[in-house]
Amino acid sequence: MTTTEPIIDGEDAIRRALLDAELPPLLAALAIATGDPALLPDHLRPSTVNRLVPQGGYSVAQQEEARSLALATLIAMRDGRLPARRASNGVLDTVRFLAGADADRYLPLLMDELAAPDDPAAPGWRKDDLAPERPFHVVIIGAGMSGLLAAYRLGQAGVPYTIVEKNGDVGGTWLENSYPGCRVDVSSHLYNYSFFEHDGWPLYFSTQNVLLDYFRQFADRSGIPEHIRFGTEVLAAEFDDGTCTWTIRVRTPDGDTELLGAQAVISAVGQLNRPSYPRIGGRDDFTGPSFHSARWDHGIDLTGKRVAVIGTGASAFQFVPEIARTVGSMVIFQRTAPWLGPTPEYHAPVSDGLRWLFRHVPGYAQWYRFWLFSSSVEGGLPTVYVDPAWPRSERSVSAPNDERRALLTSYLEHLFAGHPDLLRAAIPDYPPGAKRMLRDNGVWAAALKQDNVELVTDPISRITERGVATAEREYEADVIVYATGFTASDFLVPMTVTGRDGADLHKRWTGDARAYLGMTVPGFPNLFLMYGPNTNIVVNGSIIFFSECEAHYILECLRSLLHDGHRALECREDVHDAYNEMIDAANRQRAWGVSTVNSWYKNALGRVAQNWPFTLMEYWERTRTADLDDYHLL
Ligand code: N01
């Protein structure tokens, strides 16, 4: 938690700090701190037409005026010369100043976001008050970001739980992905639990070690590790119709099998968990070392080696620039080019000025987060909506999407100026938003332009003893790195999950996983999924926000069970089906739904089984309360 320090600095130091300020949320924080509505003049309202522009679209003159207002206020605060607190119009007007006409609808959600370190989404109940005598134990599968959150919420409600974690530590994806350069591509100030702030993010986009440390700290401070069975893997979960309880079969660190009982199960295993290796002939023929990016072999020194990298998704994009200078040579096999979103501060430490402001302006850290959040409630969604009147092609899906394409293409032209072959290979042949866009500050292009790096776009025909071959030639390599992503469509694989009447979850899904709100499945009472089907976001927000919504909803379900005395709840088939039809129809109207490009957003049947097609607000609204009419109560 950021604690505010008194200002003792001179005017020049304050001026310097203000050069790094994000101005609209700074005016908001100062207006609330001083009670002075004059800090929020109409002509300094940020743009709400395009929420993604820097400084809310302020002109240079507006930025200067905002800085002058802030400077005068900070000096008055320092000198104790603030006029008596004036009648401010309060938080709602400040939120309206930042978020415009949408503010009233978004206010309840945004107030949750703004409340840190308070925790308005905490369960307002305790099991002891609802059903003290009733045995009720929850097994959570996975101690990553979602599993830890579920544990925290259960702990707040006094519901006993056990986490079963296959690894030896918490952190999930941030433990397993340790490749060079691994970092998050969502702003650090958004990529944290709303109620557990970091006491000073060092970077605008946190690296893997920083995030792992954050999740470890969260777990330790919340007393969660004592509830975790580390090194233990869930093999199967089976529902007993008679007792309405689950039996979870696990493999212990010793290799023994053990049974755990539970009244409810929360799967928090993530979507990007099991590495996907390409189906290319000859993989076993290669005589040198090879590994997947998510299982980076730190024992292999790549210095001076000939390295072949297969894949150009988010993972390769991060580690290629890191290793390009130390390897002897590198061949990168690209099947599909990624779109690159310019992000100059991608690798930068949080500026000194911004840190100073976080430390000295009461509430600025929260308003800054709120500002990032309000711009990502919808984020770039409007640019990926399919316009039915727009000519159908792999170029773009609407006029705004086409404008985005033009902007992003000119960025690529700038990056690869003087390198026509690389530029040709770098321009994607699908609409922006159909695949994950990658944040870029130029290091990818710089790596591709190095003399020791070659980009190959010919299809791979096979892996050989010596390297990787295309139809044209063989590329010899000492090491192969598979940056080929994850089996994201195989939800809950390889566990066996048996529900009511012996139903098998994977037979039900037959490779096409679906759930109601991404969380509950007909035939599987008291089984809850976090980051389940259709809860991934592409162009808006942070996945932690989704997990918070899911944890809140699951706790609401459990509260109802404990309060009303029902043993279990099971999603109604008609509710589930109608919901999924709605999701599918919307996904068919998004760039990722209509494009034929390869992506992990689609399963083997071609259905988008990963993505949430709407705004964050819509998911938040749908998960505030559990409507028991959606369920059979057992
Ligand atoms: O995996 P990917 P990833 N022959 O599936 C290629 C998150 N993440 O690990 O595009 C040749 O995106 C494949 O080609 P194509 C983030 O959500 C986040 O990089 O399918 N190539 C593609 O280039 C991300 O979206 C962060 O044609 C083959 C690559 O391998 C998700 O994880 C960092 C092939 C796989 O890319 C997954 O990213 C890292 C074959 N047979 C990951 N098979 C951040 O927060 C596959 N490919 C920044």
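A residue is taken to be near the ligand if one of its heavy atoms lies within 4 Å of it. In this model, which is predicted, 25 residues surround the ligand by that criterion, and the closest are A314, S315, Q318, T336 and K435.

**The ligand and its shell**

Sorted by class, the shell around the ligand consists of 11 nonpolar, 9 polar and 5 charged residues. Among the secondary-structure elements, helix α10, which spans residues 314-323, gives the most to this shell, with 3 residues. Polar contacts to oxygen atoms of the ligand come from backbone atoms of G313 and A483 and from a side-chain atom of N598, with the distances set out below.

| Residue | Protein atom | Distance to a ligand oxygen atom |
|---|---|---|
| G313 | backbone N or O | 3.4 Å |
| A483 | polar backbone atom | 3.2 Å |
| N598 | polar side-chain atom | 2.9 Å |

Taken alone, the ligand exposes 900 Å², and the protein buries 86% of that area.

**The pair α4 and α5**

Two packed helices are described by the angle between their axes together with the distance between those axes. For helix α4 (residues 90-99) and helix α5 (residues 103-114), the axes come within 10 Å and cross at roughly 110°. Angles of 65 to 115 degrees count as roughly perpendicular, and α4 and α5 are therefore roughly perpendicular to each other. On the α4 side the contact is made by V91, L92, V95, R96 and A99, while α5 contributes A103, D104, L107, L110, M111 and L114. By class, this contact of α4 with α5 has 9 nonpolar and 2 charged residues, with no polar residue taking part.

**Backbone features in two loops**

Where in the chain does P494 lie? P494 belongs to the loop between strand β17 (479-482) and strand β18 (496-498), and the peptide bond that leads from V493 to P494 is cis, with omega near 5°. A further backbone feature concerns T510, a residue other than glycine whose phi is nevertheless positive, near 35°. T510 is found in the loop between helix α16 (505-509) and strand β19 (527-529).

Definitions and conventions. Residues are numbered from 1 along each chain as its sequence is written. This is a predicted model: local features need pLDDT of at least 70, side-chain atom pairs count only at pLDDT 80 or more; totals for chains, interfaces and linings use all residues. Side-chain values use heavy atoms; hydrogens and water are left out. Axes are lines fitted to C-alpha atoms, for helices over the stretch in contact, and angles run from 0 to 180 degrees between N-to-C directions. Helices (H or I, at least four residues) and strands (E, at least two) are DSSP runs, numbered from the N terminus. Angles under 35 degrees count as roughly parallel, over 145 as roughly antiparallel, 65 to 115 as roughly perpendicular and the rest as oblique. Contact means heavy atoms within 4.5 Å. Ala, Val, Leu, Ile, Met, Phe, Trp, Tyr, Cys and Pro count as nonpolar, Asp, Glu, Lys and Arg as charged, and the others, Gly among them, as polar. A polar contact is a pair of N or O atoms within 3.5 Å; within protein, one must be able to donate a hydrogen and the other to accept it, and residues adjacent in sequence count only if both atoms are side-chain atoms. Accessible areas come from the Shrake-Rupley method with a 1.4 Å probe; for residues, only the protein chains shown count as cover.
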